[in-house]
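Let's take a walk through this one, starting with how some of its strands pair up and ending in its nonpolar interior. Keep the structure open as you read.

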Amino acid sequence: MTHRRKLLLVLTIGLVIILALVAAAGWWWYARFQSLPFKIVQRGSSTYSNNLGVSSGNLVVDAPKPGLLFGTVRKPGSREQFTYLILFRYGRPKSDDANRGMQFHCTSDGKKAETNDTIELAGKRIEAAYRIQLNETGMAVANESLTIGGKSADMTSGQVFLIDMTAETPVYQQKKVELPAIPSKLESTQDVEQLAESIRKSLESQDPEIKAFMR
């Protein structure tokens, strides 16, 4: 082998080694980025008037676990309860727009109340709206309604909804399961996060499909 060919062989081997190292470094940085923690915990806004109160936009996203979004209502003579709970899978949100596209709104005048919640993560939207109206005495519920993803939902068929936002066409799946009691004190993000953990454990123990969804 001539000196020139030896030199070309050495250069080729060196180039292959360099490319391999660059590829390995690139994969390491990609894997490290993917494993970086991503977390949002938000206590929803709330309003109470006389015997009626609602809260909206309680959100817990703790990657890589599915996120939770839920609202609550306090009816006359009752403790606080869930209006809806959405359990959702999501794509990797970008760090620079993780908190964008969130709108939570609630109102109550003592006789009627409503909430409107919208979040957007990784280019996909989740929407939930709840309405309640009391009777003339203000001591009992006259009617209430729930809209999920722009479609009316039968609350007697369950208040838990699963949605895979990574799917090409995300579809809400309604589930009828028991939800844990809401603590009397739900005021801070820590309270919301602790409740979210209780919700996860409760749902996993009741429904194998929900348990699989959480994996």
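Before we get to hairpins, a quick word on pairing: two strands count as paired if DSSP finds at least two bridges between them. With that in hand, look at S3 and S4 in this predicted model: they form a hairpin with four residues between them. The two strands run antiparallel and are joined by six bridges. If you want a spot to zoom in on, Val60 has Leu68 in S4 as its bridge partner.

Now follow the chain onward. S4 makes a hairpin with S5 too, this time with six residues between them, and Gly77 in that turn has a positive phi of about 75 degrees. Seven bridges hold this antiparallel pair together, and Phe70 is matched with Leu85 in S5.

So how many of the eight residues of S4 are buried? Seven of them are, so S4 is largely enclosed by the rest of the structure.

That brings us to the interior. The largest nonpolar core has 30 residues, and Leu69, Ile86 and Phe88 have the most contacts inside it. Several strands give two or more residues to this core, among them S3 (52-62), S4 (67-74), S5 (81-89) and S8 (124-134). S8 gives the most, with five residues.

Ile86 is a nice residue to click on. Beyond its neighbours within four places in sequence, Ile86 is in contact with residues including Leu68, Leu69, Ile126, Ala128, Ile148, Phe161 and Tyr172. There's also a second, separate core of 19 residues, which includes Val160, Leu162, Val177 and Phe213.

Methods:
Residues are numbered from 1 along each chain as its sequence is written. This is a predicted model: local features need pLDDT of at least 70, side-chain atom pairs count only at pLDDT 80 or more; totals for chains, interfaces and linings use all residues. Side-chain values use heavy atoms; hydrogens and water are left out. A nonpolar core is a set of buried Ala, Val, Leu, Ile, Met, Phe, Trp, Tyr and Cys residues joined through side-chain atoms within 4.5 Å. Buried means under 20% relative accessible area, exposed over 50%, partly exposed in between (1.4 Å probe, protein chains only). Contact means heavy atoms within 4.5 Å.
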